[in-house]
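Visitor: I'd like a close look at one part of this protein, starting with a loop and its backbone. Could you walk me through what is there, and then link it to other spots worth a look?

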Amino acid sequence: MTVAPSTVSERVTPEKIGSNHPASDNIVTDHFDITQLQFQLDQQRQAFNAQPYPDLAERISHLKALKKAILNHKKALCQALDQDFGQRSNHDSLISDVLPCIQNINYTVKRLKKWMKPSRRHAGLLLAPAKVEVIYQPLGVVGIIVPWNFPVMLSMGPLITTLAAGNRAMIKLSEFTPKTNVVITQLLADAFTTEQVSVVEGEADVAAAFSGLAFDHLIFTGSTTVGRHVMRAAADNLTPVTLELGGKSPVLVAPDMPLATAVERMIFGKSLNGGQICVAPDYALVPEEKVRDFVEEYKKQFNKMYPKGVANKDFTSVINARQYQRLSDYLTDAKQQGAEIIPCHDDARNDEQHRMVTHLVLETKDTMQLMQDEIFGPILPIVPYHSIDDALTYIQQRPRPLAFYLMSFDPELQLRVKTTTHAGGMAINESIFQVAADDAPFGGVGASGMGHYHGHEGFLTFSKAKTVLTRGKINTGKLVTPPYGGIIQKIMLAFFIR
């Protein structure tokens, strides 16, 4: 999931960087110095070089220790998340931050032995007799940069795959979730030494220094804008990167789809975490003759889920005043350009506590800021379309998003959309739940990211697939060495080049 575009651009003063939490000595403290980060990286790399291939038992031990620590701290995590957001239900935190981590660990532990097994490959007649295999080696030290919207899942998720692949990790936590960071730091200190997993805190300049370290792999979850800076910094060290970004993920409501069903399948994906999810529906494409009916249906279902509006304890606040102002500015800009703004509940805003119910936006224009930026919050523009061809053209003319949602029971349309549109992932007649599939890769494409870190594909991301050719006592390789022109070489060339 992604951080909104404006969250890490603010310049900071040195006294603001880091925090001196009593929970553990795992963190970089107030007096930030790049040498502290480099020292921690050198310490982890030295430990890795002393044990470059942890066996299956050790990796499973690490995963089980992490699971135990998360379960031991789940109540504290939920309380801290509620404090950091200003309001976040325990259920939201359990289902979206804690549960995915536990499920991921259970899934990984079951399959890790199979993943670690060398893959036998065909040597071919030319190389016979020889054995060819691919082994999966740990890379070394992985850097993980975490956003604020799901700080538990988006720190623990990459860490789980990193540990499964046999690596060590340094984790840069978001400065916008200080209470949650204290708990994460403590639970990691309970499970690991700093030579295995360490935590870094700080603001924009700490993040910039962190992304410039010579990691063996770097994974960043955040905005496309910041992702470009991270990739640029990593390039100086030729550090491979996995970028989990975002973009404007569309919902296409097809003409055959009953509106009540379409709204039912997408509204949770837009409401969870107050819409602050990188794969949340960003805008909805609706048949032009059904737009008003769609609005009424959406409001009806929203009021059923959140009958008290912003006072409802189940609806998560916007993370902070700055993000709330960003969203407010989107609405102001849209209204000034002629948009119709429709709150989904009469009790729609609480400026002091930065709470906002979902606002539907009609009469949108491409010049509106909310139609250019990833919204990342409780605002849903509705774009009318005349035909399916028009709707698909609209999507294909824009940067490739992290998610695409099709609401249709038409199998021909489903096949067409699956095969002709591009997105990091897709769900048909559902929203956001594709991310919960442990046995499938998650990642973006184009402006929405690169690489994967879920499931087997994640294990491969954090491993080096190394080809190993082994010969025995018989050496056929000498048959192709100089002096050239021998009868055996002529026969071989005549046989293989044809």
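Guide: Let's start in the loop between strand S13 (359-362) and strand S14 (379-385), which is where Glu-363 sits. Keep in mind that this is a predicted model. Glu-363 isn't a glycine, yet its phi is positive, at about 60°.

For another backbone detail, hop over to the loop between S1 and S2, where you'll find Pro-129. The peptide bond leading from Ala-128 into Pro-129 is cis, and its omega is near -5°. Leu-127 also belongs to the loop between strand S1 (119-121) and strand S2 (131-138).

Leu-127 takes us out to the surface, as it helps make a nonpolar patch of about 780 Å². Its partners there are Leu-125, Leu-126, Leu-469, Leu-493, Phe-495, Phe-496 and Ile-497. Helix H15 (residues 487-496) gives the patch its largest share, three residues.

Now for a pair of helices. The axes of H2 (residues 56-72) and H5 (residues 153-164) come within 9 Å and cross at roughly 160°. Anything over 145 degrees counts as roughly antiparallel, so that is the label for H2 and H5. On the H2 side, the contact is made by Arg-59, Leu-63, Leu-66 and Ile-70. H5 brings Met-156, Leu-159, Ile-160, Leu-163 and Ala-164 to the contact. Sort the residues of this H2 and H5 contact by type and you get eight nonpolar, one charged and no polar.

Key. Residues numbered from 1 in each chain as written. Predicted model: local features only at pLDDT ≥ 70, side-chain atom pairs only at ≥ 80, totals over all residues. Heavy atoms only, no water. Axes fitted to C-alpha atoms, helices over the stretch in contact; angles between N-to-C directions. Helix = DSSP H or I, 4+ residues; strand = E, 2+ residues; numbered from the N terminus. Parallel < 35°, antiparallel > 145°, perpendicular 65-115°, else oblique. Contact = heavy atoms within 4.5 Å. Nonpolar A, V, L, I, M, F, W, Y, C, P; charged D, E, K, R; others polar. Patch = residues over 30% accessible without salt bridge, like charges linked within 9 Å, V, L, I, M, F, W, Y side chains within 5 Å. Areas by Shrake-Rupley, 256 points an atom, 1.4 Å probe, with all protein chains shown as cover. Salt bridge = Lys/Arg side-chain N within 4 Å of Asp/Glu carboxyl O.
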